[in-house]
Amino acid sequence: EAIAALAGERARVEAQLAELVGPVPEGLAGPDVEVAAWSGAARAFYDVALAARGIARAEAGVDLARGAYRPDWGIGVTYQQREASAAGVTMPFPGDDWVSAQVTFTVPLYAGRSQAPRLRAARAEKAAAEARMQAAARTARARYEALAAELQRALAPLYDARERVGGPAAT
């Protein structure tokens, strides 16, 4: 009965593997891989690392919204060369070089109605990103602990069988 349960468990795991990476050709055995212990760092999980990048993006949005409160200035210079008009025109133009310069300065006069809501929205997005990361960390930890418990449950009959036979216990 235990052997049938282990065979069923193996078939389930192989089906999950085939779903993730595609079918494995027959006769191709994978290497024996040591089960790595989790270091406890939440960012070791891909979903958590991805959510952490979302926090970095949200922080950039807050910085951008804060920057809208500062005055903005600019300088522009334009050079233009006009050709002389053709001969026989009623008002001949000899042609000339033109240069124009422009300085702009923008001050946020209506910050309470324009910039403040954007800053609040950016801060809310950052808080939401932090909440998403915490949720991803909790989900990843719970999934890891459930899979580790399932592994221990699946290996328990093997440990018992090896103990009864007198062989070394599985690690």
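**A nonpolar surface patch and a one-sided helix**

Strands β1 (72–82) and β2 each contribute at least two residues to a nonpolar patch. In this predicted model, the patch lies on the surface and is formed by Trp73, Ile75, Val77, Tyr79, Val99, Val103, Phe105, Val107, Leu109 and Tyr110, which together have about 1,300 Å² of accessible area. The greatest contribution to the patch comes from β1, with four residues. One of the patch members, Val99, is located in strand β2, and Val99 counts as exposed because its relative accessibility is 62%, where the cut-off for exposure is over 50%.

Strand β2 comprises residues 96–106, and Asp96 is placed within it. With a relative accessibility of 45%, Asp96 counts as partly exposed, since this category covers values between the 20% limit for burial and the 50% limit for exposure. When neighbours within four places in sequence are left aside, the contacts of Asp96 are with Gln80, Gln81 and Arg82. For Asp96 and Gln81, a separation of 15 residues in sequence corresponds to a C-alpha to C-alpha distance of 6.0 Å in space.

The two strands belong to a chain that also has three helices, and the order of these elements along the sequence is α-α-β-β-α. Helix α2 (residues 46–67) contains 22 residues, for which a rise of 1.5 Å a residue gives an expected span of 32 Å; the end C-alpha atoms are 32 Å apart, so the two values agree. Within α2, the buried residues include Val48, Ala51, Ala52, Gly54, Ile55, Ala58, Val62 and Ala65. These residues cover an arc of only 150° around the axis, and they are therefore on the same side of α2. On the other side of α2, by contrast, Tyr46, Arg53, Arg57 and Leu64 are exposed. Among the elements that cover the buried residues of α2 is α3 (115–165).

For the chain as a whole, which has 171 residues, buried residues account for 13%. The exposed area of the chain is about 13,900 Å², of which 59% is supplied by carbon and sulfur atoms. Of the contacts between residues at least 6 apart in sequence, 63% join residues that are at least 24 apart.

Methods. Residues numbered from 1 in each chain as written. Predicted model: local features only at pLDDT ≥ 70, side-chain atom pairs only at ≥ 80, totals over all residues. Heavy atoms only, no water. Buried < 20%, exposed > 50% of the residue type's maximum accessible area, 1.4 Å probe, protein only. Contact = heavy atoms within 4.5 Å. Areas by Shrake-Rupley, 256 points an atom, 1.4 Å probe, with all protein chains shown as cover. Expected span 1.5 Å × (residues − 1). Arc of directions from axis to C-beta. Patch = residues over 30% accessible without salt bridge, like charges linked within 9 Å, V, L, I, M, F, W, Y side chains within 5 Å. Salt bridge = Lys/Arg side-chain N within 4 Å of Asp/Glu carboxyl O.
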